[in-house]
Amino acid sequence: KIMIKSVSVVIPAYNEEKNLKATVVFLLERLKKNGILDFEILIFDDNSTDATGKIANELAKKYSQIKVIHNPKNMNLGYNITKGFQLATKEYAGFIPGDNETEPETLDNIFQNLGKADIIIPYIQNPEVRSWGRQFLSKTYVIIINTAFSLNLKYYNGMCFFKTAMVKKVPVSTHGFAYMTEILVKLLKSGASFMEVPMINRKRERSATKAFRIKNIVSVFKTFLTLFWEVQILRRRVKSI
């Protein structure tokens with residue numbers, strides 16, 4: 001059995017006043033169930049316009065393991081997670097969304113396998129809950145990244161957990177949709193080991209994905225070109241991992 005020493009969990013939260021407390025309670029339950037007693041929770045209030053910040057502060061008063069970061073302006077998901085990794089003090093670091101949409105099995109699969117590889121990479125086990133358009137976009141994206149970088153991952157946008165010392169060394173150029181892809185590609189091409197674990201997605205009745213927005217597609221394309229140039233052409237690698 002792998003001895004898990006300590007874990008930092010980042011929770012990005014923008015206008016999640018209805019979900020943040022439940023997310024934290026859920027996370028605490030999964031940590032306890034999986035025998036993780038040494039942990040910290042970094043809540044990023046991303047300049048919310050509701051009571052998210054106040055709720056986060058109340059949770060920090062109740063639980064000594066919680067630290068709250070209030071962004072002076074909205075910084076987006078990629079910033080919150082990569083900044084959280086830089087602030088992490090425990091042996092492993094990862095994130096869960098603040099919307100309380102994560103299934104228990106997903107976190108159990110991650111926590112139970114921490115320590116078996118440098119990176120634990122969740123992949124979607126039930127893609128059918130997404131629209132055909134979203135499935136097509138996701139599959140196409142994975143094929144492009146795998147082909148361009150000679151990799152063979154199932155998914156690049158999940159709740160990955162890393163050895164903290166390792167992820168801190170990765171220079172991240174984007175806070176857009178491709179931030180996790182950039183981290184994964186740079187680490188894997190530098191020799192980091194990984195293990196893929198299944199992740200259950202809940203079906204969402206509303207809210208179309210923002211990934212189809214022109215601004216986000218352009219951002220991902222620019223990041224892809226920069227990443228390809230650095231990793232495949234210049235052969236840059238993350239040192240000392």
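**Figure 1. Asparagine 47 sits in the loop between strand 2 (39-45) and helix 2 (52-62).** The model shown here and in the other views is predicted. Asparagine 47 is not a glycine, yet has a positive phi of about 55°. Most residues other than glycine have a negative phi. Is asparagine 47 buried or exposed, or does it fall in between? Asparagine 47 counts as partly exposed, at 33% relative accessibility.

**Figure 2. Serine 150 is another residue with a positive phi, near 55°.** Serine 150 is not a glycine either. Its place is in the loop between helix 5 (132-149) and strand 6 (161-163). Serine 150 has a relative accessible area of 59%. The cut-off for exposed is over 50%, so serine 150 is exposed.

**Figure 3. Seven strands form an open sheet.** In what order do the strands lie? The order is 3-2-1-4-6-5-7, and the pairing is mixed. Strand 3 (66-70) and strand 7 (194-199) are the edge strands. Each of these two pairs on one side only. Neighbouring strands of the sheet are turned against each other by 20° on average, direction ignored. Strands of a sheet pair through backbone hydrogen bonds, either parallel or antiparallel.

**Figure 4. Strand 5 (residues 119-124) runs parallel to strand 7.** How many bridges join strand 5 to strand 7? Six bridges join them. Isoleucine 121 stands opposite glutamate 196, a residue of strand 7.

**Figure 5. Helix 2 lies across three strands.** These are strand 1 (7-13), strand 2 and strand 3. Helix 2 runs at about 155° to strand 3.

**Figure 6. Aspartate 38 and lysine 90 meet in a salt bridge.** The structure holds nine salt bridges. In this one, the side chains meet at 2.8 Å, N to O. The pair links distant parts of the chain, 52 residues apart. Aspartate 38 is in the loop between helix 1 (20-33) and strand 2. Lysine 90 is in the loop between helix 3 (76-87) and strand 4 (92-95). Aspartate 38 is partly exposed, with a relative accessible area of 33%. Side chains of opposite charge can pair when their charged atoms come close.

**Figure 7. Helix 7 (residues 179-188) is largely enclosed by the rest of the structure.** Why is helix 7 described as largely enclosed? Ten of its ten residues are buried, so the rest of the structure largely encloses this helix. The buried residues include Tyr179, Met180, Ile183, Leu184 and Leu188. Charged residues are also on the list, among them Glu182 and Lys186.

**Figure 8. Glutamate 182 and lysine 186 meet in a salt bridge within helix 7.** Their side chains come to 2.8 Å, N to O. The two residues are four apart in helix 7, so about one helical turn separates them. Both glutamate 182 and lysine 186 are buried.

**Figure 9. Lysine 186 also meets glutamate 230 in a salt bridge.** Here the N to O distance is 3.3 Å. Lysine 186 lies in helix 7 and glutamate 230 in helix 8, so the pair ties together parts that are 44 residues apart in sequence. At 8% relative accessibility, lysine 186 counts as buried. Glutamate 230 has a relative accessible area of 18%. Buried means under 20%, so glutamate 230 is buried as well. Which residues join into one network through salt bridges that share partners? They are Glu182, Lys186, Glu230 and Arg236.

**Figure 10. Phenylalanine 228 lies in helix 8.** Phenylalanine 228 is partly exposed, with a relative accessible area of 30%. Phenylalanine 149 is 79 residues away from phenylalanine 228 in sequence. In space, the two are 7.5 Å apart, C-alpha to C-alpha. What does phenylalanine 228 contact, leaving aside neighbours within four places in sequence? Its contacts are Ala148, Phe149 and Ile233.

**Figure 11. Ile214, Ile217 and Val218 make a nonpolar surface patch.** The patch covers about 280 Å². Valine 218 lies in helix 8 (residues 214-233). Valine 218 is partly exposed, with a relative accessible area of 42%.

Terms used. Residues numbered from 1 in each chain as written. Predicted model: local features only at pLDDT ≥ 70, side-chain atom pairs only at ≥ 80, totals over all residues. Heavy atoms only, no water. Patch = residues over 30% accessible without salt bridge, like charges linked within 9 Å, V, L, I, M, F, W, Y side chains within 5 Å. Areas by Shrake-Rupley, 256 points an atom, 1.4 Å probe, with all protein chains shown as cover. Salt bridge = Lys/Arg side-chain N within 4 Å of Asp/Glu carboxyl O. Buried < 20%, exposed > 50% of the residue type's maximum accessible area, 1.4 Å probe, protein only. Pairing = 2+ DSSP bridges. Axes fitted to C-alpha atoms, helices over the stretch in contact; angles between N-to-C directions. Contact = heavy atoms within 4.5 Å.
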